[in-house]
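Q: Please take me on a close look at the charged side-chain pairs here, and tell me how they fit into their surroundings. I would like one connected account, with the cut-offs spelled out as you go.

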Amino acid sequence: MIRLHGTPKSRTFRCIWAAEEAGFAYEIVPVDAMRGAKTAEHLKVNPNGKVPAMEDGALVLFESLAINLHLAAKAGPPLMPAGDDASRVLQWTLWAATEVEPAAMQWAYNSYLRPPAERDPGQAAAGKAGLDARLDVLEEHLKGRDFLLGPAFTIADCNLAGVLYGAWANKYDWGGHTRVKAWLDRCLNRPAALRARALREAA
Ligand SMILES: N[C@@H](CCC(=O)N[C@@H](CS)C(=O)NCC(=O)O)C(=O)O
(Lines give C-alpha, C1' and ligand atoms only; values in the text may rest on other atoms or scores of the structure.)
Protein backbone atom coordinates (compact mmCIF):
# COMPACT_ATOMS: atom_id res chain seq x y z
CA MET A 1 0.00 0.00 0.00
CA ILE A 2 1.21 3.48 -0.86
CA ARG A 3 1.91 5.56 2.25
CA LEU A 4 1.64 9.34 1.99
CA HIS A 5 3.26 11.19 4.90
CA GLY A 6 1.69 14.59 5.58
CA THR A 7 -1.79 16.04 5.96
CA PRO A 8 -4.45 16.98 3.39
CA LYS A 9 -4.04 20.66 4.39
CA SER A 10 -0.47 20.64 3.07
CA ARG A 11 1.08 19.96 -0.34
CA THR A 12 0.29 16.31 0.45
CA PHE A 13 -3.11 17.25 -1.02
CA ARG A 14 -1.55 17.12 -4.49
CA CYS A 15 -0.42 13.50 -3.95
CA ILE A 16 -3.76 12.45 -2.45
CA TRP A 17 -5.42 13.85 -5.57
CA ALA A 18 -2.98 11.98 -7.86
CA ALA A 19 -3.49 8.72 -5.96
CA GLU A 20 -7.26 9.20 -6.30
CA GLU A 21 -6.89 9.85 -10.06
CA ALA A 22 -4.77 6.70 -10.38
CA GLY A 23 -7.29 4.67 -8.40
CA PHE A 24 -4.61 3.43 -5.99
CA ALA A 25 -5.24 2.43 -2.41
CA TYR A 26 -3.21 4.67 -0.10
CA GLU A 27 -2.74 5.38 3.56
CA ILE A 28 -2.14 8.85 4.98
CA VAL A 29 0.50 8.85 7.70
CA PRO A 30 -0.38 12.07 9.56
CA VAL A 31 2.62 14.41 9.88
CA ASP A 32 2.01 18.05 10.68
CA ALA A 33 4.31 20.22 8.55
CA MET A 34 5.05 22.63 11.39
CA ARG A 35 5.16 20.27 14.36
CA GLY A 36 6.09 16.83 13.05
CA ALA A 37 8.24 17.19 9.96
CA LYS A 38 11.57 17.60 11.80
CA THR A 39 11.35 14.42 13.90
CA ALA A 40 14.02 11.75 13.43
CA GLU A 41 11.33 9.38 12.19
CA HIS A 42 10.04 11.75 9.49
CA LEU A 43 13.55 12.82 8.43
CA LYS A 44 14.09 9.19 7.36
CA VAL A 45 11.47 9.64 4.61
CA ASN A 46 12.05 13.33 3.89
CA PRO A 47 15.49 14.60 4.96
CA ASN A 48 14.34 18.15 4.11
CA GLY A 49 12.06 18.09 7.16
CA LYS A 50 9.02 18.85 4.99
CA VAL A 51 5.89 17.10 3.79
CA PRO A 52 4.91 15.24 1.75
CA ALA A 53 6.93 12.05 1.51
CA MET A 54 5.81 8.79 -0.05
CA GLU A 55 6.64 5.14 0.51
CA ASP A 56 5.76 2.66 -2.20
CA GLY A 57 7.34 -0.63 -1.16
CA ALA A 58 11.08 -0.04 -1.03
CA LEU A 59 10.83 3.28 -2.87
CA VAL A 60 10.88 6.40 -0.71
CA LEU A 61 10.37 9.78 -2.39
CA PHE A 62 10.05 13.43 -1.43
CA GLU A 63 8.86 16.38 -3.60
CA SER A 64 5.11 16.40 -4.18
CA LEU A 65 5.26 16.66 -7.97
CA ALA A 66 7.91 13.92 -8.28
CA ILE A 67 5.69 11.67 -6.18
CA ASN A 68 2.85 12.45 -8.59
CA LEU A 69 4.99 11.60 -11.62
CA HIS A 70 5.80 8.26 -9.99
CA LEU A 71 2.15 7.51 -9.27
CA ALA A 72 1.17 8.42 -12.83
CA ALA A 73 3.98 6.35 -14.37
CA LYS A 74 2.78 3.40 -12.33
CA ALA A 75 -0.82 3.98 -13.48
CA GLY A 76 0.12 4.44 -17.15
CA PRO A 77 -2.06 6.14 -19.78
CA PRO A 78 -4.10 8.29 -19.79
CA LEU A 79 -2.74 9.75 -16.52
CA MET A 80 0.84 9.36 -17.81
CA PRO A 81 0.83 9.33 -21.60
CA ALA A 82 3.62 7.78 -23.69
CA GLY A 83 6.14 9.18 -26.17
CA ASP A 84 6.39 12.92 -26.76
CA ASP A 85 3.41 13.54 -24.51
CA ALA A 86 5.42 12.17 -21.57
CA SER A 87 7.98 14.92 -22.28
CA ARG A 88 5.17 17.49 -22.38
CA VAL A 89 4.08 16.25 -18.94
CA LEU A 90 7.61 16.90 -17.65
CA GLN A 91 7.66 20.35 -19.24
CA TRP A 92 4.42 21.46 -17.57
CA THR A 93 5.38 19.88 -14.25
CA LEU A 94 8.74 21.65 -14.13
CA TRP A 95 7.07 24.87 -15.25
CA ALA A 96 4.58 24.51 -12.39
CA ALA A 97 7.37 24.00 -9.85
CA THR A 98 9.90 26.57 -11.06
CA GLU A 99 7.89 29.32 -12.77
CA VAL A 100 4.41 29.22 -11.25
CA GLU A 101 4.85 28.12 -7.64
CA PRO A 102 7.35 30.82 -6.52
CA ALA A 103 5.08 33.62 -7.76
CA ALA A 104 1.93 31.93 -6.43
CA MET A 105 3.54 31.51 -2.99
CA GLN A 106 4.77 35.12 -2.90
CA TRP A 107 1.18 36.20 -3.49
CA ALA A 108 -0.23 33.60 -1.06
CA TYR A 109 2.07 34.43 1.88
CA ASN A 110 1.24 38.10 1.55
CA SER A 111 -2.48 37.83 0.93
CA TYR A 112 -3.82 35.00 3.11
CA LEU A 113 -1.20 32.65 4.61
CA ARG A 114 0.61 35.01 7.00
CA PRO A 115 -1.16 36.79 9.85
CA PRO A 116 -2.51 40.15 8.53
CA ALA A 117 0.12 42.23 10.37
CA GLU A 118 2.94 40.33 8.64
CA ARG A 119 1.61 40.71 5.09
CA ASP A 120 3.36 43.08 2.70
CA PRO A 121 0.99 44.49 0.06
CA GLY A 122 3.94 45.30 -2.22
CA GLN A 123 5.07 41.66 -2.10
CA ALA A 124 1.50 40.49 -2.75
CA ALA A 125 1.34 42.75 -5.82
CA ALA A 126 4.75 41.53 -7.05
CA GLY A 127 3.63 37.91 -6.65
CA LYS A 128 0.42 38.63 -8.52
CA ALA A 129 2.29 40.36 -11.34
CA GLY A 130 4.65 37.39 -11.62
CA LEU A 131 1.82 34.89 -11.58
CA ASP A 132 -0.25 36.87 -14.08
CA ALA A 133 2.69 36.82 -16.52
CA ARG A 134 2.73 32.99 -16.34
CA LEU A 135 -1.05 32.84 -16.61
CA ASP A 136 -0.82 34.82 -19.87
CA VAL A 137 1.19 31.90 -21.29
CA LEU A 138 -1.29 29.36 -19.96
CA GLU A 139 -4.30 31.32 -21.20
CA GLU A 140 -2.88 31.28 -24.73
CA HIS A 141 -2.00 27.57 -24.52
CA LEU A 142 -5.50 26.59 -23.41
CA LYS A 143 -7.05 28.07 -26.57
CA GLY A 144 -8.92 25.11 -28.12
CA ARG A 145 -7.79 22.66 -25.39
CA ASP A 146 -9.77 21.27 -22.48
CA PHE A 147 -6.59 20.10 -20.73
CA LEU A 148 -2.87 20.84 -21.02
CA LEU A 149 -2.14 18.05 -23.49
CA GLY A 150 -5.48 18.27 -25.34
CA PRO A 151 -8.67 16.33 -24.74
CA ALA A 152 -7.49 14.07 -21.88
CA PHE A 153 -6.66 14.96 -18.28
CA THR A 154 -3.11 13.93 -17.37
CA ILE A 155 -0.84 14.24 -14.37
CA ALA A 156 0.40 17.53 -15.88
CA ASP A 157 -3.04 19.01 -15.17
CA CYS A 158 -3.03 17.54 -11.65
CA ASN A 159 0.42 19.00 -10.95
CA LEU A 160 -0.24 22.49 -12.32
CA ALA A 161 -3.77 22.76 -10.92
CA GLY A 162 -2.44 21.41 -7.60
CA VAL A 163 0.10 24.25 -7.49
CA LEU A 164 -2.66 26.77 -8.32
CA TYR A 165 -5.18 25.30 -5.86
CA GLY A 166 -4.34 27.83 -3.11
CA ALA A 167 -5.01 30.77 -5.44
CA TRP A 168 -8.18 29.14 -6.76
CA ALA A 169 -9.51 28.48 -3.25
CA ASN A 170 -8.58 31.94 -1.98
CA LYS A 171 -10.33 34.16 -4.47
CA TYR A 172 -7.43 35.07 -6.74
CA ASP A 173 -8.48 37.75 -9.22
CA TRP A 174 -8.19 35.81 -12.49
CA GLY A 175 -9.00 38.96 -14.50
CA GLY A 176 -8.97 38.15 -18.20
CA HIS A 177 -7.59 34.64 -17.62
CA THR A 178 -10.99 33.12 -18.25
CA ARG A 179 -9.72 29.94 -19.93
CA VAL A 180 -7.36 29.35 -17.00
CA LYS A 181 -10.21 29.76 -14.52
CA ALA A 182 -12.48 27.42 -16.54
CA TRP A 183 -9.67 24.84 -16.78
CA LEU A 184 -9.06 25.03 -13.01
CA ASP A 185 -12.78 24.60 -12.35
CA ARG A 186 -12.77 21.58 -14.70
CA CYS A 187 -9.75 19.99 -13.00
CA LEU A 188 -10.68 20.71 -9.40
CA ASN A 189 -14.24 19.44 -9.76
CA ARG A 190 -13.29 16.03 -11.13
CA PRO A 191 -14.55 13.17 -8.93
CA ALA A 192 -11.00 12.32 -7.78
CA ALA A 193 -10.26 15.98 -7.00
CA LEU A 194 -13.52 16.27 -5.06
CA ARG A 195 -12.52 13.27 -2.92
CA ALA A 196 -9.12 14.84 -2.18
CA ARG A 197 -10.69 18.25 -1.58
CA ALA A 198 -13.21 16.74 0.84
CA LEU A 199 -10.30 15.58 3.01
CA ARG A 200 -8.55 18.94 2.76
CA GLU A 201 -11.50 21.25 3.11
CA ALA A 202 -12.96 19.31 6.07
CA ALA A 203 -9.64 19.41 7.95
N1 LIG B 1 8.92 21.47 -2.96
C2 LIG B 1 8.39 20.72 -1.85
C3 LIG B 1 7.89 21.72 -0.80
C4 LIG B 1 7.45 21.01 0.47
C5 LIG B 1 6.98 22.01 1.52
O6 LIG B 1 7.44 23.16 1.60
N7 LIG B 1 6.06 21.55 2.39
C8 LIG B 1 5.58 22.38 3.46
C9 LIG B 1 4.13 22.04 3.78
S10 LIG B 1 3.03 22.35 2.46
C11 LIG B 1 6.39 22.06 4.71
O12 LIG B 1 6.61 20.90 5.02
N13 LIG B 1 6.83 23.08 5.44
C14 LIG B 1 7.52 22.91 6.67
C15 LIG B 1 8.78 23.71 6.70
O16 LIG B 1 9.13 24.35 5.68
O17 LIG B 1 9.41 23.71 7.76
C18 LIG B 1 7.26 19.80 -2.34
O19 LIG B 1 6.56 20.19 -3.29
O20 LIG B 1 7.08 18.70 -1.80
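A: Let's begin with Arg-3, which is partly exposed at a relative accessible area of 30%. Here buried means under 20% relative accessible area, exposed means over 50%, and partly exposed is in between, using a 1.4 Å probe and protein chains only. Before going further, a word on the ground rules: this is a predicted model, in which local features need pLDDT of at least 70 and side-chain atom pairs count only at pLDDT 80 or more, while totals for chains, interfaces and linings use all residues. Residues are numbered from 1 along each chain as its sequence is written, and side-chain values use heavy atoms, with hydrogens and water left out.

The partner of Arg-3 is Glu-27, and their side chains meet in a salt bridge at 3.4 Å, N to O. A salt bridge means a side-chain nitrogen of Lys or Arg within 4 Å of a carboxyl oxygen of Asp or Glu. Glu-27 sits in strand β2 (residues 26–30) and Arg-3 in strand β1 (residues 2–6), so this pair ties together parts 24 residues apart in sequence. Helices (H or I, at least four residues) and strands (E, at least two) are DSSP runs, numbered from the N terminus. Glu-27 is partly exposed, with a relative accessible area of 34%. The pair belongs to a network of salt bridges that links Arg-3, Glu-27 and Glu-55.

A search of the whole structure finds 15 salt bridges. Another of them joins the side chains of Glu-21 and Arg-190 at 2.9 Å, N to O. This pair links distant parts of the chain, 169 residues apart: Glu-21 is in helix α1, whereas Arg-190 is in the loop between α7 (178–188) and α8. Glu-21 is buried, with 18% relative accessible area, while Arg-190 counts as partly exposed at 24%. Leaving out residues up to four places away in sequence, Glu-21 touches Leu-79, Phe-153, Arg-190, Ala-192 and Ala-193, where contact means heavy atoms within 4.5 Å.

Just along the chain is Phe-24, placed in the loop between α1 and β2. Phe-24 is partly exposed, with a relative accessible area of 21%. Phe-24 and Ile-2 are 22 residues apart in sequence, yet their C-alpha atoms are 7.8 Å apart in space. Apart from neighbours within four places in sequence, Phe-24 is in contact with Ile-2, Ala-19, Leu-71, Lys-74 and Ala-75.

Helix α8 has a pair of its own, with the side chains of Arg-197 and Glu-201 in a salt bridge at 2.8 Å, N to O. Arg-197 and Glu-201 are four residues apart in helix α8, so about one helical turn separates them. Arg-197 counts as buried at 12% relative accessibility, whereas Glu-201 counts as partly exposed at 40%.

Arg-197 brings us to the domain contact. The protein is divided into domain 1 (2–78 + 195–202) and domain 2 (84–190), with bounds that come from an automatic or database domain assignment. Their centres, taken over C-alpha atoms, are 20 Å apart. The contact takes 14 residues from domain 1 and 21 residues from domain 2. Between them, the domains bury about 1500 Å², 63% of it on carbon and sulfur atoms; buried area is the accessible area (1.4 Å probe) that two parts lose on being put together, summed over both. Trp-17, Leu-65 and Arg-197 supply 37% of the area that domain 1 buries against domain 2, more than any other three residues.

Charged pairs take part here as well: there are three salt bridges between domain 1 and domain 2. The side chains of Arg-11 and Glu-101 meet in a salt bridge at 3.1 Å, N to O. Seven residue pairs, both residues at pLDDT 80 or more, are in polar contact between the two domains. A polar contact is a pair of N or O atoms within 3.5 Å; within protein, one must be able to donate a hydrogen and the other to accept it, and residues adjacent in sequence count only if both atoms are side-chain atoms.

On the side of domain 1 that touches domain 2, α1 (12–22), α3 (64–75) and α8 (191–202) each supply at least two residues. The largest share, five residues, comes from α1. By class, that side has seven nonpolar, one polar and six charged residues. Ala, Val, Leu, Ile, Met, Phe, Trp, Tyr, Cys and Pro count as nonpolar, Asp, Glu, Lys and Arg as charged, and the others, Gly among them, as polar.
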